[in-house]
Every structure is written in structure tokens, then in C-alpha cells.
Amino acid sequence: MKIIAFILAFREKPLYPLISLIKQTIKPSKIIIVAAYSSACVDHFKDAKIECLVVPPDLSLTVGERVGKALTIAFKLYLNEEYDYMLKLDSDIYFDETFIEENIKAGYDLMGRGAAMVIKVKSFIKVFDHKWPVSPQDDVIVTEVLRVRGYKVLPWKWIKPAKLIKEPKYDILRTLRMGYELYRIGFPIISEILLLYDRVLRRRELVFIGHIIGYLVALLRGEKKYPFSNDIYEYHKNLLINGIKKRLLRLLGV
């Protein structure tokens, strides 16, 4: 089993994922640090050989867009079907020594959230070639496109969990961008209304009202959608319909 790990780093050396990787029961064959600045580079760590690729960031872009551009450059240089799985890791993630072993044993084509994703290489190359989406919602696109193409996906979680040093912070500008982009990706408006209910009305996370505002702005502007948006719309529409049917059947005792 051959695994390649891509660690995204900004200015600081990504010590948390490096420490986690060298302790794995199944160790990656290659570790690539994709760094915005050379100060984040590490040449070797314990017995692990590490390569560092510096891709200077365009700070006018969102983090997701910068990630898409940097990973696409890295994938074209290093990613090929010699590897069975790839890890896409942020610099502030850590996990225990069986993270790789337990997660790849489950056989998913993709699992995890943006900070730590485990992806089957052949599946990714078949669908995306060597291009990571350039989007504020890059990880959402990868997850949803693989789902609608019929691949085995465990969205936003793992069999064996990873942990973030700090959970991401959301401000109104970020949630506006997220809602705007989710319209372009193809999510039905009812999905945004349900999110509004869950995050804003039930959990009192008021900043997420930006989601529905951003979505409605994109809708009213007739913003251009991605080529795969119709597939994602139909997939989530059917999920919602089937969910409603199941709930009604339970209420009726059928």
C-alpha cells in the first residue's frame, strides 16, 4: 500500500501532521509540504524524507482558491497512480498512529473534512485529473462531485478521527462567500434554509445567516454555475425527498 501525503503550510513548519505521520503503523511513502513561504519547509524529520514545494500565494484570493492553485501544481509534479491513497492535510491537524491504517482499511474513495482528507488516488485522477478545484469551497466540490459520480464517500468525518488544534472561525464575510459559492456548486435552496434553521435558529450561530444571504445574492444575480452543478442539485434534491418520505412513513407507522 503506497501513500503520498500533501501537507499545506503557510509560514510555520507543519510539525503536528509531521509528528503524526512518522508514528503511523502504515507510513506514507512520500511526504510533500506545499508551502506558501520557504520558512514552512522541512527537509527531513526523524527518518522521514520530505520534499517541499513553495508556491507563493496570491493573497487577494480566498484560502480555498489558493489551496486549489497550489495543490494543482503539486499534483502535476508528484501525484500519479503509483500511489494507492493520498492524504491532504492542513498544518494544524494531528491524529494517532492508526489513522492511516484504520481509514484506508474501510475502503472509501474519500473520507474526512478539508483539514484532513483521505482519498483514493485512482478515483481522484479519474474524476479531477490532477486538478484540485480553485474555489472558496474546494473541499466541498471534491466531496460532492465524487458522491454524485457514485464513489464511496464518507463526508466530513473519518472512521478513525483526526483532531484540529483550533476549529475554524467564521465571520460574516466568510459565510457570505460560502453561501454564494454553494449556489454555484448546485445545492438546492431548501438545503440552505435547513442550514439556516440548524445553525442560526437552533444553535444560535448567527454568523451563518450570511450563508442564506450569499446564496440569495448569487441566485438573484444569476451567477454562473459549475458544469457539475445540475448533478449535485438532483442528488441533494433526491436526498431531501427520500428523507421526507422516510420520516412520513415512520410517523404513519409503516
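**Exercise 1. A residue in a loop**

In which loop does Asp129 lie? Work on the predicted model above, and then describe the residue's backbone and exposure.

*Solution.*
Step 1: Find the place. Asp129 sits in the loop between helix 4 and helix 5.
Step 2: Check the backbone. Phi of Asp129 is near 60 degrees. That is a positive value in a residue other than glycine.
Step 3: Judge the exposure. The relative accessible area of Asp129 is 37%. Partly exposed covers values between 20% and 50%, so Asp129 is partly exposed.
Step 4: Look for a contact. Asp129 is among the residues in contact with Phe124.

**Exercise 2. The partners of strand 2**

Locate strand 2 and work out which strands pair with it.

*Solution.*
Step 1: Mark the strand. Strand 2 covers residues 30–35. Five of its six residues are buried.
Step 2: Take one partner. Strand 1 (residues 3–9) pairs with strand 2 in the parallel sense, over six bridges. Within this pairing, Leu8 has Val34 as its bridge partner.
Step 3: Trace the chain between the two. The path leaves strand 1, passes through helix 1 (residues 15–22) and reaches strand 2. This β-α-β crossover is right-handed.
Step 4: Take another partner. Strand 4 (residues 48–54) runs parallel to strand 2, and five bridges join them. Here Val34 has Leu53 as its bridge partner.

**Exercise 3. The largest nonpolar core**

Which residues of the largest nonpolar core touch the most other members? Then say where the core draws its residues from.

*Solution.*
Step 1: Name the residues. The core holds 37 residues. Phe6, Val34, Leu79, Met86, Phe124, Trp132 and Ile185 touch the most other members.
Step 2: List the sources. Elements giving two or more residues include strand 1, strand 2, strand 8 (116–120) and helix 4 (121–128). Helix 2 (63–78) gives the most, with six residues.
Step 3: Zoom in on Phe124. Leave aside its neighbours within four places in sequence. Its contacts then include Phe75, Leu79, Met86, Ile119, Trp132 and Val142.

**Exercise 4. A buried threonine**

Is Thr143 buried or exposed? Find its element and its contacts too.

*Solution.*
Step 1: Place the residue. Thr143 is in helix 5.
Step 2: Read the area. The relative accessible area is 0%, so Thr143 is buried.
Step 3: Collect the contacts. Leaving aside neighbours within four places in sequence, Thr143 is in contact with Leu110, Met117, Val153, Pro155 and Trp156.
Step 4: Follow one contact, Trp156. This residue is found in the loop between strand 9 (153–155) and strand 10 (163–164). Its phi is positive, about 70 degrees, although Trp156 is not a glycine. With a relative accessible area of 35%, Trp156 is partly exposed.

**Exercise 5. The disulfide**

Which residue does a disulfide join to Cys41? Describe the bond's hand and the setting of each end.

*Solution.*
Step 1: Recall the chemistry. A disulfide is a covalent bond between the sulfur atoms of two cysteines.
Step 2: Identify the pair. Cys41 is joined to Cys52, with an S to S distance of 2.0 Å. The count comes to one disulfide.
Step 3: Place both ends. Cys41 is in the loop between strand 2 and strand 3 (44–45), and Cys52 is in strand 4. They are eleven residues apart.
Step 4: Assign the hand. The torsion about the S-S bond is about -65 degrees, so the disulfide is left-handed.
Step 5: Check the exposure. Cys41 has a relative accessible area of 19% and is buried. Cys52 has 25% and is partly exposed. The cut-off for buried is under 20%.

Methods. Residues numbered from 1 in each chain as written. Predicted model: local features only at pLDDT ≥ 70, side-chain atom pairs only at ≥ 80, totals over all residues. Heavy atoms only, no water. Buried < 20%, exposed > 50% of the residue type's maximum accessible area, 1.4 Å probe, protein only. Helix = DSSP H or I, 4+ residues; strand = E, 2+ residues; numbered from the N terminus. Pairing = 2+ DSSP bridges. Right-handed = clockwise from strand over helix to strand, strands pointing away. Core = buried A, V, L, I, M, F, W, Y, C linked by side-chain atoms within 4.5 Å. Contact = heavy atoms within 4.5 Å. Disulfide = S-S within 2.5 Å.
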